[in-house]
Amino acid sequence: MIGTNETTTRRLAAFSLLFFSLLSFAAAQPTLRVSAQDYEDYSRVIVTFPSPLPFALEKDGNLLLVRINSTASFRLRTEPVKSRFIKSFNWVTSSDLYIIVIEVRHERFRQDSFQIEKKRQLVIDFYELAEPQPVRPEPEKKEEPPPAVEAAAPPVEGISPAAKGIRTIVLDPGHGGLEVGAKGKFGTLEKDITLAISLRLKALIEKNLAFHVELTRDRDMNVTLENRAAIANNHRAELFISIHANSSYRRNANGSETFFLSLNATDEEARRLAYLENNAADLDKPLASENKDDIIMILWDMAQSAYLKQSQRLAEIIQDELNSLLGTKDRGIKQAPFKVLTGVACPAVLVEAAFISNPEEERDLIQEAFQENVAQAIYRGLVRYIKLLS
Ligand SMILES: [Zn+2]
């Protein structure tokens, strides 16, 4: 029918117009491009600026950062990286700072850079440096006590750690020392609850599974968030569980929550919680957002980002066990930017056992039976997760 055809034609015309105006808009927007190319003995990264912009280079481990101070708005475009030495491009932006993050396969590199002003290009050549010593010592064997107990403990429920590739689990009792965490109405301190639950969970794992459990602290002491992640990585942890007690301005908020990492919080409450957990340690510090810490945190996030899928699965299973064992209302798994998880290079979750800010749950949290139930629930979640891997 003619009428229909006309409508179709008109729609098509309108669509094309929209399409082409979008296209020209995109073309008009200033764009910063980053690309990589391999040469015989180096890899070259070319940053093409939309306009002359001040920048500085900064090496940080296996990363090279290109910091650009600018309030101008432009798009960042990276070509897919196909290089034997350059691993990825990422970027971090805030209102007046762009950081291009060039991830190199390892930290043994030297870079040479120069500018081609005519093309507004920054050229960075990456040279791989020789490995210091080819021998990689089998570390830690000598320092650790003989694993007699581990070896003696029979693997339970058909799980043999070697077969599943899980050898060390790191448990992280939240807070500690001067940094007490959240405080209940009856004076209960989060740091004490998290340690009590962690010690019970450690005992459960070591009794029933032939796994090594490492604690980020085994007594009342300060441990920085960075060190908690470092402990996990130094021990080559294959699972990391941070244990906390929740706190909310809503007094009747209740139940367990299990988190895995995201830079974006699931909701406003998750964001507030992450803020509280991240900043409890330095309440005296003036609050400066967009500071170096935030950026480092985002960079560190790349350690955890490789494990988000597994972390999510682990969180789901643990949350499921907490729900059925404790009969707490399902608050679901959530994502939030918890600093303690960002640097951990293995599946990692953060469990908020219950609300210390809710007087009823505070009473539960100080009960040994309740602490044991929480430990049991997390333990059962772990067992299920490990079975999944087989
Ligand atoms: Zn906490």
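Biologist: What makes you say that the charged end of Arg44 sits over the ring of Tyr39?

Modeller: First, a heads-up: this is a predicted model. In it, the charged end of Arg44 comes out 5.4 Å from the centre of the Tyr39 ring. The distance cut-off for a charge over a ring is 6 Å, so 5.4 Å passes. Lys59 does the same kind of thing: its charged end sits over the ring of Phe109, 4.4 Å from the centre.

Biologist: How many aromatic pairs does a search of the whole structure find?

Modeller: Five of them.

Biologist: Why is the pair of Tyr39 and Tyr42 called stacked?

Modeller: Their ring centres are 5.1 Å apart and their planes make 25°. Centres have to lie within 6.5 Å to pair, and planes under 30 degrees apart count as stacked, so this pair earns the name.

Biologist: And Tyr42 with Tyr127, what makes that pair tilted?

Modeller: Here the centres are 5.3 Å apart, with 45° between the planes. Stacked needs under 30 degrees and edge-to-face needs over 60, so 45° lands in the tilted class. This pair also links distant parts of the chain. Tyr42 is in the loop between strands S1 and S2, while Tyr127 belongs to strand S9, 85 residues apart. Put the ring pairs together and Tyr39, Tyr42 and Tyr127 are linked into a cluster.

Biologist: How do you know whether Tyr42 is buried or exposed?

Modeller: Check its relative accessibility: 16%. Buried means under 20%, so Tyr42 counts as buried. Tyr127 is buried as well. Tyr39 has 30%, which is not under 20% and not over 50%, so Tyr39 counts as partly exposed.

Biologist: Let's move to the strands. What is the order of the five strands in the open sheet?

Modeller: They go S5-S1-S2-S9-S8, with mixed pairing.

Biologist: Why do strand S5 and strand S8 stand at the edges?

Modeller: Each has a single partner strand, so one side of each is left without a neighbour in the sheet. On average, neighbouring strands here are turned by 15° against each other, direction ignored.

Biologist: How do you know that S1 and S2 pair?

Modeller: Count the bridges: six join S1 to S2. Pairing takes at least two, so six is enough. The two strands run antiparallel, and a hairpin of four residues joins them. One facing couple is Asp38 and Ser43, the latter in S2. S2 and S9 are antiparallel too, again over six bridges. Across those two strands, Arg44 stands opposite Asp125, and Thr48 has Gln121 as its bridge partner.

Biologist: What is the order of the six strands in the open sheet?

Modeller: S11-S10-S12-S15-S13-S14, and the pairing is mixed. S11 and S14 are the edge strands, pairing on one side only. Neighbours in this sheet are turned by 25° on average, ignoring direction.

Biologist: What makes S13 and S14 count as a pair?

Modeller: They share four bridges, and at least two are needed, so they pair. Their sense is parallel. In that stretch, Phe259 stands opposite Lys334 of S14. Helix H4 packs on the sheet as well, touching S10, S11, S12 and S15. The direction of H4 makes about 160° with that of S10.

Biologist: Which residues coordinate the zinc ion?

Modeller: His175, Glu190, His244 and Glu277 do, at 2.0 to 2.4 Å. A donor atom must lie within 2.8 Å of the zinc, so those distances qualify. Along the sequence, the donors are spaced H-x14-E-x53-H-x32-E.

Biologist: Why does the pair of His244 and Glu277 tie together parts that are 33 residues apart in sequence?

Modeller: Because His244 lies in strand S12 and Glu277 in helix H6. His244 has 7% relative accessibility, under the 20% limit, so it counts as buried. Glu277, at 8%, is buried by the same limit.

Biologist: One last residue: why is Gln312 called partly exposed?

Modeller: Its relative accessible area is 29%. That falls between 20% and 50%, so partly exposed is the label. Gln312 is found in helix H8. Leaving aside neighbours within four places in sequence, Gln312 is in contact with Phe260 and Ile333. Its C-alpha atom is 8.3 Å from that of Pro347, with their places 35 residues apart along the chain.

Key
Residues numbered from 1 in each chain as written. Predicted model: local features only at pLDDT ≥ 70, side-chain atom pairs only at ≥ 80, totals over all residues. Heavy atoms only, no water. Phe/Tyr/Trp six-rings, centres within 6.5 Å; stacked < 30°, edge-to-face > 60°. Buried < 20%, exposed > 50% of the residue type's maximum accessible area, 1.4 Å probe, protein only. Lys NZ or Arg CZ within 6 Å of the ring centre and 35° of its normal. Axes fitted to C-alpha atoms, helices over the stretch in contact; angles between N-to-C directions. Contact = heavy atoms within 4.5 Å. Donors = N, O, S within 2.8 Å, 3.2 Å for Na, K, Ca; no water.
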